[in-house]
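Reader: I'd love a close look at one helix contact in this model, please, and then a walk outward from there to the rest of the chain. I work at the bench, so residue names and plain words suit me best.

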Amino acid sequence: MKIGILGGGQLGRMLIQSALKYDDEFYTLDPASDAPCHNISYFTQGNFNDYETVLNFGKDKDVVTIEIEHVNADALAELEKQGIKVVPNANIIKTIQQKILQKEFYKTHDIPSPEFQVVWNSDEKIIMPLPFVQKMNTGGYDGKGVQVIKTEEDYQHLWTEASVIESLVDIEKELSVIVARNEKGETNIFPVTEMVADPKLNLLDFNVCPVLLTEDVQNQIDSITEKFLAAVNSPGLFAIELFLDKEGKIWVNETAPRLHNSGHQSQEGNTNSQFEQMYRVVKNLPLADTDAITYSGMLNLVGAEGFSGKVIYEGMEDVLQLPETYIHLYGKTETKPGRKMGHINVLADSREELMEKLVMVKGMVRVIAE
């Protein structure tokens, strides 16, 4: 099949790397000439937000998918009308890429999500009590487009764009669950992972699996995934980000309609990875089993503060000497502070050993520049 991917970043790169064992042709579209997919696919440099560009890119493909949700969904809808398969479908992409529509989706389908208010411009009065979270309606990604408003003084920092104003959850744990559905309606759910964020960058720092959850919490998550898969009405792989609050209640933070950073540990930690599963979804093949093999974790390789330019990975040879430790680089030649350049997966026999290894590996390696 001729498979087109909107976006040529690391998620697309790892999807293609995983699928090279099969017989398909991969085409990618990205505005950056040196995007991670540029040298492992039939690459087109172009804007995936431009209607005509997306239409022209997709018209001769058997299926078009995404590795970033901020794409031109109207062009994808037109491709569907022309008989091109789009996974996930244009409707769910359009719903998820707008935070307001996404929140309404949860409300409509009785999926628990923090209480919210929609504000379309700065003239509207905010009735949500402090503290609260402001999420821009469109364009938010990797901690951007999200801010916490804690005090009256913080009101001066409010964005004027259309936004969701959301009550602040008293978070005990940040969790993620990746679900998959193919065209036949078969579904699969990955084991829940726990995300530990870097408080400065607001980026996922460590991701660990499995997570020790009470039966009640697991039941809440099962109910959410069941409702979501029934409501989504589209093939796809979806990462549902969850909050567990101090009272033991699960809330949906947001959903990504694509491969996700919180699933990277599945490359070595599960019987099949999120990338294998995504390939099967796109091809409408039987879904893979995704059980956890052992304790697994992931840490991001992020550009260090104070370094911009041609990347150097300091300490990588030391990491390569460690057992059950796996390096994944994204093919990015230039680093800058906070830029995701790769990740390292680690396996262990217990949660305690896993956390020790992750902390140790994080201390061994730095992403700097010449």
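## A helix contact and its surroundings

Author: On the H4 side of this contact are Ile 92, Lys 94, Thr 95, Ile 96 and Gln 97, and they meet Lys 99, Leu 101, Gln 102 and Phe 105 of H5. Sorted by kind, the residues of this contact come to four nonpolar, three polar and two charged. Please keep in mind throughout that this is a predicted model.

H4 covers residues 90-97 and H5 covers residues 99-108, with the two axes 5 Å apart and at an angle of about 105°. That angle is why H4 and H5 count as roughly perpendicular to each other.

Now let's step out to the domains. Four are assigned: domain 1 (2-87), domain 2 (99-106 + 169-291), domain 3 (115-167) and domain 4 (294-369). Domain 2 is thus given as two stretches, one of them 99-106, while H5 runs over residues 99-108. Between domain 2 and domain 3, 10 residues of the former are in contact with 15 residues of the latter. About 1,100 Å² is buried between these two domains, and carbon and sulfur atoms give 55% of that area. Their centres, taken over C-alpha atoms, are separated by 25 Å.

Toward the start of the chain, helix H1 (residues 10-19) is mostly covered, with nine of its 10 residues buried. Among the buried ones are Leu 11, Met 14, Leu 15 and Ile 16, and also Arg 13. The partners of these buried residues include strand S1 (2-6) and strand S2 (25-30), but also helix H8 (274-283) and strand S20 (340-348).

Toward the other end, helix H10 (residues 351-364) holds Val 361, and Lys 362 lies in H10 too. How exposed is each? Val 361 has a relative accessible area of 1%, so it is buried, whereas Lys 362, at 37%, counts as partly exposed. Beyond its close sequence neighbours, Val 361 is in contact with Leu 299, Val 319, Leu 322, Thr 325, Ile 344 and Val 346. Ile 312 sits 49 residues from Val 361 in sequence, with 16 Å between the C-alpha atoms. For Lys 362 and Glu 52, 310 residues apart along the chain, the C-alpha separation is 44 Å.

Finally, a few backbone details may be worth finding on your screen. Most residues other than glycine have a negative phi, and most peptide bonds are trans. Against that background, the bond from Leu 130 to Pro 131 is cis, with omega near -10°; Pro 131 is in the loop between strand S6 (116-119) and strand S7 (132-136). Cys 209 and Pro 210 are also joined by a cis peptide bond, with omega about -5°, and Pro 210 belongs to the loop between strand S13 (203-209) and helix H6 (215-232).

As for phi, Asn 233 has a positive value of about 55° although it is not a glycine. Asn 233 is in the loop that connects H6 to strand S14 (236-245), and its 56% relative accessibility is why it counts as exposed. Asn 284 has a positive phi as well, near 55°, and is found in the loop between H8 and strand S16 (295-302). H8 has come up before, as one of the elements that the buried residues of H1 pack against.

How values were computed
Residues numbered from 1 in each chain as written. Predicted model: local features only at pLDDT ≥ 70, side-chain atom pairs only at ≥ 80, totals over all residues. Heavy atoms only, no water. Axes fitted to C-alpha atoms, helices over the stretch in contact; angles between N-to-C directions. Helix = DSSP H or I, 4+ residues; strand = E, 2+ residues; numbered from the N terminus. Parallel < 35°, antiparallel > 145°, perpendicular 65-115°, else oblique. Contact = heavy atoms within 4.5 Å. Nonpolar A, V, L, I, M, F, W, Y, C, P; charged D, E, K, R; others polar. Buried < 20%, exposed > 50% of the residue type's maximum accessible area, 1.4 Å probe, protein only. Domains from an automatic or database assignment. Buried area = accessible area lost by both parts, 1.4 Å probe. Lists of a residue's contacts leave out its neighbours within four places in sequence.
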